[in-house]
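Dear colleague,

I am handing over a structure for you to look at, and you will find the sequence and the coordinates just below. My notes on what was found follow after them.

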Amino acid sequence: MQCRSDAKVTALVGPSGSGKTSLIESIAGLRSASGRIVIDSISLAELPPERRRIGYVPQDVVLFPHLSVRDNIFYGGRDRGRFDSLCHTLELVPLLDRSPTTLSGGERQRVAIARALMTDPRLLLLDEPLASVDQPLRERILMYLRRVRDLDVPMIYVTHQQFEAVALSSWCIVLRDGRVAAEGRPREILFADPSSGALENVFEVSNPRHEPEKGITRVVTSDGLELVLPHDRVADVGFPMIVRISAEEIVLFGERPGAISSRNLIEGTVTAIRETDGIVDLVVAAPSPIRVRITRSAADELELANGSRVWLAMRSRAFRIVG
């Protein structure tokens, strides 16, 4: 497996038992492994964990209960400038004098990430850091992880959640049975297969053009798709940002509608169809893949097949603003 040097974050995705945790534990030096592990032309296999300069945050975060948050972070290193920068980026200043036992799950994750980054690592490994938190908190922590991404410390991010991979990473590697099954840009790899069961469409958007007099903001996705969002929901949000829309919120037409209230009308081509229990999941190239879910009766009425030309309508307020 090779991680691209131009990818700030590489997502490692796969089902339970596919080898994700075993792989990153081997990189960190916590598990014996055969083969070669090379970073920046440096072979790590012969080095003990403490000399590898690898930051590692396991799924089950362990903080020292007898130390304050401040001292937990300083345990990773004593560089005051780095400490101040990380506390600002991860919004930890109000927590510094507290005991780890008083922290929420999300706060503990942020402290653990700061401690790992205090070691000045050449690589940061995150093993499903959001697995034990609920959806609203997961989205908030993702905002912090996107800030960490901008610190230019390469990351390998382990997850089985497609949304997290798309929201955070620029390259994705899919593992199955201990082998690389696929790799590429996250949206192309994870959303092109309707059998994955994913219902969320996730976009990173930037280049906002605010039109408050019309109540809209025009944005462009990383794939070049133009979208319209409600101005009142994004006027004070920093860009680039992540938005998401469910496959069930998208209305599909077999021909271009003459009049429609949705501000987002996108033309595309059906590239994959999967039917399960009266539900039809589609992948539409527009040109990047967009997932749509409709009923079997609707699909029959439209006479859909691979290669069918369709139009997708997405209400601007159907988009969830993640940040």
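To begin with a small point, is Cys-87 buried or exposed? In this model, which is predicted rather than determined by experiment, Cys-87 is buried, because its relative accessible area is 3% and a residue counts as buried under 20%. Cys-172 is likewise buried, with a relative accessible area of 0%. As for bonds between cysteines, the structure holds zero disulfides.

Turning to the strands, you will find an open sheet of six, which runs in the order E4-E5-E6-E1-E7-E8 and has mixed pairing. At its edges stand E4 and strand E8, the latter covering residues 179-184, and each of these has a single partner strand, so that one side of each is left without a neighbour in the sheet. From one strand to the next, the twist averages 20 degrees. Within this sheet, strand E5 (residues 123-127) runs parallel to E6, and four bridges join the two; if you would like a place to start looking, Leu-125 stands opposite Ile-156 in E6.

The pockets come next. The largest pocket has a volume of about 840 Å³, and of the 34 residues that line it, those closest to its centre are Cys-3, Ile-27, Ile-37, Val-38 and Ile-39. Three elements, namely helix H1 (20-28), strand E2 (38-39) and strand E6 (155-159), each supply at least two residues of this lining, and the largest share, four residues, comes from H1. Sorted by class, the lining of the largest pocket consists of 15 nonpolar, ten polar and nine charged residues.

The second largest pocket holds about 520 Å³ of space and is lined by 19 residues, among which Ile-54, Gly-55, Tyr-56, Ala-116 and Thr-119 lie nearest its centre. Here strand E4 (54-57) and helix H4 (105-117) each supply at least two lining residues, with E4 giving the most, four residues. The lining of the second largest pocket has 13 nonpolar residues, together with three polar and three charged ones.

Two strands of the sheet therefore deserve a second look when you read the pockets and the sheet together: E4, which stands at an edge of the sheet and gives the most to the lining of the second largest pocket, and E6, which is joined to E5 by four bridges and supplies at least two residues to the lining of the largest pocket.

With kind regards

Technical notes. Residues numbered from 1 in each chain as written. Predicted model: local features only at pLDDT ≥ 70, side-chain atom pairs only at ≥ 80, totals over all residues. Heavy atoms only, no water. 1 Å grid on protein atoms, 1.4 Å probe; cavity = no way out; pocket = protein on both sides within 12 Å on 5 of 7 lines; lining within 4 Å. Points joined across faces, edges and corners; volume = space filled by probe spheres on them. Nonpolar A, V, L, I, M, F, W, Y, C, P; charged D, E, K, R; others polar. Disulfide = S-S within 2.5 Å. Buried < 20%, exposed > 50% of the residue type's maximum accessible area, 1.4 Å probe, protein only. Pairing = 2+ DSSP bridges. Axes fitted to C-alpha atoms, helices over the stretch in contact; angles between N-to-C directions.
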